[in-house]
Amino acid sequence: MNETVQLLLNHRSVRKLKDEPLSPDVIRTLVESAQMASTSSFVQAYSIMGITDRPKKEALAKLAGNQPYVAENGHFFVFCADFHRHIQAGEMEQTEVKPAVESAEKMIVAVTDAALAAQNCSIAAESMGLGICYIGGLRNNIAEVSNLLQLPNYVIPLFGLAVGVPEAAPDRKPRLPVEGVYFENVYPDAEVHAEQLKAYNDTISAYYKERTGGSRSDRWTEQVSGLLKDVKRPHMKQFLEDKGYNRH
């Protein structure tokens, strides 16, 4: 155990952040920390948008499902999958790169690169005593978000990241047990999974009961089943194709 590990184990999403702008030095440090994340084959297939314009932040808050913490925070980042600059690199080198860029594989690369960069940014922010909250709701209206940020082809707004001084620290939400996500050599059978999920349901139900004074006691399997019973954001496939991805 050390300070870094303790920081990682103490993570929680913070949705109440003070509406006080972060300093330019802090923002630059967070971006530089993000840039030092691992990147597939050194392609660095992401970009980070910093939204400081108040009307734009408020517009993004509405597009994300009326989430106030998108507008009220110290700084709001939008992490994007981005192969736009790679198209330019190919043109500079007179090399045809579009078929590779437009492949499903490169879409996976860009999403992974962006996620790794965002997590580096988050850990750096938390090490400074700041709170963070990821905002996947930007994909609810992804075309409108893209237009608002004037993003060209091959640039996809994946998620936002609200960062700021915490107003209040929520309780840490219990994750699945290590045995439920880490398997050595062989993937476990369904019976083992079922027993682990039953135990985890009891843990999560107790967590919600304590957090809400007994007014909520839903199980984890109940939550995820409800979440997955309908296809969410069916517009994503067409949007990705419109932006140049998943053509190969």
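Helices, here, are DSSP runs of H or I with at least four residues, and they are numbered from the N terminus, as strands are. In these terms, glutamine 94 of this predicted model is found in the loop between α4 (84–92) and α5 (98–101). Most residues other than glycine have a negative phi. Glutamine 94, although it is not a glycine, has a positive phi of about 55°, and with a relative accessible area of 77% it is exposed. A second residue of this kind is serine 41, which is not a glycine and yet has a positive phi of about 55°. Serine 41 has its place in the loop between α2 and β1 (46–51), and its relative accessible area of 67% makes it exposed.

The interior of the model was examined next. The largest nonpolar core has 34 residues, and those with the most contacts inside it are Leu30, Phe77, Phe79, Phe83, Ile156 and Val163. Two or more residues are given to this core by each of the elements α2 (24–35), β2 (75–82), α6 (104–127), β4 (155–164) and α11 (236–242). Of these elements, α6 gives the most to the core, with 9 residues. Another core, of 21 residues, lies apart from this one and includes Leu17, Ala61, Phe76 and Cys133. The surroundings of isoleucine 156 may serve as an illustration: when residues up to four places away in sequence are not counted, isoleucine 156 touches Phe79, Cys80, Ala81, Met107, Ile142, Phe239, Leu240, Lys243 and Tyr245.

Helix α9 (residues 190–212) can be described in some detail. With 23 residues, at 1.5 Å a residue, α9 should span 33 Å, and its end C-alpha atoms are 32 Å apart, which agrees with that expectation. Within α9, the residues His193, Gln196, Tyr200, Asn201, Ile204, Ser205, Tyr207 and Tyr208 are buried, and what covers the buried residues of this helix includes α8 (178–181) and α10 (220–228). An α-helix has 3.6 residues a turn, so residues three or four places apart point the same way. After α9 comes glycine 213, whose phi is positive, near 65°. Arginine 219 is placed in the loop between α9 and α10, and at 41% relative accessibility it counts as partly exposed. Although arginine 219 and asparagine 201 are 18 residues apart along the chain, their C-alpha atoms are separated by 4.8 Å; asparagine 201 is one of the buried residues of α9.

Charged side chains were then considered. Side chains of opposite charge can pair when their charged atoms come close. When a salt bridge is taken as a side-chain nitrogen of Lys or Arg within 4 Å of a carboxyl oxygen of Asp or Glu, the count comes to 8 salt bridges. One of them belongs to α9, where the side chains of lysine 198 and glutamate 195 meet at 3.8 Å, N to O. Lysine 198 and glutamate 195 are separated by about one helical turn, because they are 3 residues apart in helix α9, and glutamate 195 counts as partly exposed at 48% relative accessibility. In helix α11, glutamate 241 and lysine 237 lie 4 residues apart, which is about one turn of the helix, and their side chains meet in a salt bridge of 2.8 Å, N to O. Glutamate 241 is partly exposed, with a relative accessible area of 25%, whereas lysine 237, at 57% relative accessibility, counts as exposed. Salt bridges that share partners also join Asp19, Arg54 and Glu58 into one network.

A further salt bridge is formed by the side chains of aspartate 82 and arginine 85, at 3.7 Å, N to O. Buried means under 20% relative accessible area, and aspartate 82, with a relative accessible area of 6%, is therefore buried, whereas arginine 85, with 36%, is partly exposed.

Finally, a nonpolar patch on the surface is formed by Met1, Val5 and Leu9, which together have about 310 Å² of accessible area. Of the patch residues, valine 5 is found in helix α1 (residues 3–9), and at 33% relative accessibility valine 5 counts as partly exposed.

Definitions and conventions: Residues numbered from 1 in each chain as written. Predicted model: local features only at pLDDT ≥ 70, side-chain atom pairs only at ≥ 80, totals over all residues. Heavy atoms only, no water. Patch = residues over 30% accessible without salt bridge, like charges linked within 9 Å, V, L, I, M, F, W, Y side chains within 5 Å. Areas by Shrake-Rupley, 256 points an atom, 1.4 Å probe, with all protein chains shown as cover. Buried < 20%, exposed > 50% of the residue type's maximum accessible area, 1.4 Å probe, protein only. Expected span 1.5 Å × (residues − 1). Contact = heavy atoms within 4.5 Å. Core = buried A, V, L, I, M, F, W, Y, C linked by side-chain atoms within 4.5 Å.
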